[in-house]
Amino acid sequence: MGDTSSKQDAQPTHESAFGTGRRAEFFVFAIIAAFIWPIVAVGVVGGYGFLIWMTQMVLGPPGPPGG
């Protein structure tokens with residue numbers, strides 16, 4: 001086997017491009033809350049509207065048959 005003592009002594013660094021600790025966590029939360037979730041919400045609502053629109057194009061509008 002090889003000597004792994006140098007690998008065991010090395011401490012992992014948790015530094016990111018945004019800093020460390022609570023500040024980085026808040027920055028990531030702000031990006032998610034302000035940019036990612038609104039885009040996801042618009043995509044979900046738009047996708048649901050498109051699904052309903054296509055369903056009505058194929059099956060016709062809801063309600064009793066016209067007479």
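**Exercise 1.** What percentage of the 67 residues of the protein count as buried?

*Solution.* The model is predicted. Buried means under 20% relative accessible area. Of the 67 residues, 1% count as buried. Now take the surface as a whole. The protein exposes about 6400 Å². Carbon and sulfur atoms supply 68% of that area.

**Exercise 2.** State how many helices and strands the protein has, then place Ile-36.

*Solution.* The secondary structure comes to two helices and zero strands. Helix 2 covers residues 22-59. Ile-36 has its place in helix 2.

**Exercise 3.** Decide whether Ile-36 is buried, partly exposed or exposed, and find the surface patch that includes this residue.

*Solution.* Start with the cut-offs: under 20% is buried, over 50% is exposed, and partly exposed lies in between. Ile-36 has 42% relative accessibility, so it counts as partly exposed. Next, the patch. Ile-36 joins Val-28, Ile-32, Phe-35, Trp-37, Val-40 and Val-44 in a nonpolar patch on the surface. Together these residues have about 650 Å² of accessible area.

**Exercise 4.** Find the aromatic pair of the structure and classify its geometry.

*Solution.* The structure holds one aromatic pair. Its rings belong to Phe-50 and Trp-53. A pair of aromatic rings is described by the distance of the centres and the angle of the planes. Here the centres are 5.8 Å apart. The planes stand at 65°. Planes over 60 degrees apart count as edge-to-face, so the pair of Phe-50 and Trp-53 is edge-to-face.

**Exercise 5.** Locate Phe-50 and Trp-53 along the chain, and give the exposure of each.

*Solution.* Both residues lie in helix 2. They are three residues apart, about one turn of the helix. Phe-50 has 48% relative accessibility, so it counts as partly exposed. Trp-53, at 48%, also counts as partly exposed.

Note on methods:
Residues numbered from 1 in each chain as written. Predicted model: local features only at pLDDT ≥ 70, side-chain atom pairs only at ≥ 80, totals over all residues. Heavy atoms only, no water. Patch = residues over 30% accessible without salt bridge, like charges linked within 9 Å, V, L, I, M, F, W, Y side chains within 5 Å. Areas by Shrake-Rupley, 256 points an atom, 1.4 Å probe, with all protein chains shown as cover. Salt bridge = Lys/Arg side-chain N within 4 Å of Asp/Glu carboxyl O. Helix = DSSP H or I, 4+ residues; strand = E, 2+ residues; numbered from the N terminus. Buried < 20%, exposed > 50% of the residue type's maximum accessible area, 1.4 Å probe, protein only. Phe/Tyr/Trp six-rings, centres within 6.5 Å; stacked < 30°, edge-to-face > 60°.
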